[in-house]
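Student: I should like to learn how to read the features of a protein model in an orderly way. Could we go through one together?

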Amino acid sequence: MANARARRTVRLSRALGLALTPKAEKYMERRPYGPGQHGRARKKQDSDYAVRLREKQRLRAQYGIREAQMLSAFKEAKRLGGQTGDNLLALLESRLDALVLRAGFARTIQQARQLVVHRHILVNGQRVDRPSFKVQPGQLIHVHEKSEKMVPFQMAAAGEHSKVLPAVPAYLDVKLEALQATYLRAPERAEIPVTCEENLVVEYYAR
């Protein structure tokens, strides 16, 4: 099951031209072209719609969310005023599963989601099992005491996941050995480690 999921992730990564996991990144270094028998073929120029659609899919894939969740986040971002694209990324980044990943508690967004769903993660001392839970500035994210001895968390505390992840962003204060992270503030666009032209995503939904 895990191997099949990993293969699907690698295939999706190649289709989107974006490594979604460390394993996919290594695979794409060997095969830097799309999947399938026509992967190496020169493609015709995409339409404006296709470009916007692919960018939306790339963003969705990096957070591992469903279309309904993406659309809901877009609508909320639009209501907030200001730059809708920046608002959208900030909202997605405040999800609990995303912050568990950024803190280095998990190696991939899929693993981060699994840790949350299995009730290993607490926010201000309360168990939260919803990956989409919106963390507020000042709240503490930490691993349940009974879960700290699990192998994935021992690896995280030793900094193993951090070796393949981007540097911890400035909007998080992480105490990795203690498996604790404080969400300090809403992130600025330049601090969010995702590959995305968010304006194209906004144009896709605004069409």
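**Reading the aromatic pairs, the sheet and the core**

Tutor: Let us begin with a single residue: Y204 is buried, because its relative accessibility is 8%, below the 20% cut-off. Please bear in mind throughout that this is a predicted model.

Student: How is Y49 classed by its relative accessibility, and why?

Tutor: Y49 has a relative accessibility of 41%, so it counts as partly exposed. That class lies between the 20% and 50% cut-offs.

Student: What geometry describes the aromatic pair of Y49 and Y204?

Tutor: A search of the whole structure yields four aromatic pairs. In the pair formed by Y49 and Y204, the centres are 5.9 Å apart and the planes make an angle of 35°, which is a tilted arrangement. Y49 belongs to helix α3 and Y204 to helix α9 (residues 198-206), so the pair ties together parts 155 residues apart in sequence. Y49 and Y204 also form one aromatic cluster with F74 and Y205.

Student: Why is the pair of Y171 and Y183 classed as edge-to-face?

Tutor: The ring planes of Y171 and Y183 stand at 90°, with centres 6.4 Å apart, so this pair is edge-to-face. Y171 lies in the loop between α8 (151-157) and β4, whereas Y183 lies in strand β5, so the parts tied together are 12 residues apart in sequence. Y171 and Y183 are both buried.

Student: In which order do the strands form the sheet?

Tutor: To read a sheet, one follows the pairing of strands and then looks for its edges. Here five strands make an open sheet in the order β2-β1-β3-β5-β4, with antiparallel pairing. The edges are β2 (126-127) and β4 (172-175), each of which pairs on one side only. Strand β4 runs antiparallel to β5 (residues 180-183), and four bridges join them. The bridge partner of L172 in β5 is Y183.

Student: How should a helix such as α3 be read, and which of its residues are buried?

Tutor: An α-helix has 3.6 residues a turn, so residues three or four places apart point the same way. Helix α3 (residues 48-63) contains 16 residues and spans 23 Å from its first C-alpha to its last, close to the 22 Å expected at 1.5 Å a residue. Its buried residues are E55, K56, R58, L59, A61, Q62 and Y63. Just after α3, G64 has a positive phi of about 60°.

Student: Which residues touch the most other members of the largest nonpolar core?

Tutor: In soluble globular proteins, nonpolar side chains tend to be buried together. The largest nonpolar core here has 47 residues, of which L59, L96, V100, F105 and I121 touch the most other members. Helix α6 (residues 96-102) gives the largest share of this core, five residues. Beyond its neighbours within four places in sequence, F105 is in contact with residues including V100, L115, I141, F153 and L176.

Student: What do the totals for the protein come to, in elements, burial and exposed area?

Tutor: The secondary structure comprises nine helices and five strands. From the N terminus, the elements follow the order α-α-α-α-α-α-α-β-β-β-α-β-β-α. Of the 207 residues, 43% are buried. The exposed area is about 11800 Å², and carbon and sulfur atoms supply 48% of it. Among contacts with a separation of 6 or more, 55% are between residues 24 or more positions apart.

Terms used:
Residues numbered from 1 in each chain as written. Predicted model: local features only at pLDDT ≥ 70, side-chain atom pairs only at ≥ 80, totals over all residues. Heavy atoms only, no water. Helix = DSSP H or I, 4+ residues; strand = E, 2+ residues; numbered from the N terminus. Buried < 20%, exposed > 50% of the residue type's maximum accessible area, 1.4 Å probe, protein only. Contact = heavy atoms within 4.5 Å. Areas by Shrake-Rupley, 256 points an atom, 1.4 Å probe, with all protein chains shown as cover. Pairing = 2+ DSSP bridges. Expected span 1.5 Å × (residues − 1). Core = buried A, V, L, I, M, F, W, Y, C linked by side-chain atoms within 4.5 Å. Phe/Tyr/Trp six-rings, centres within 6.5 Å; stacked < 30°, edge-to-face > 60°.
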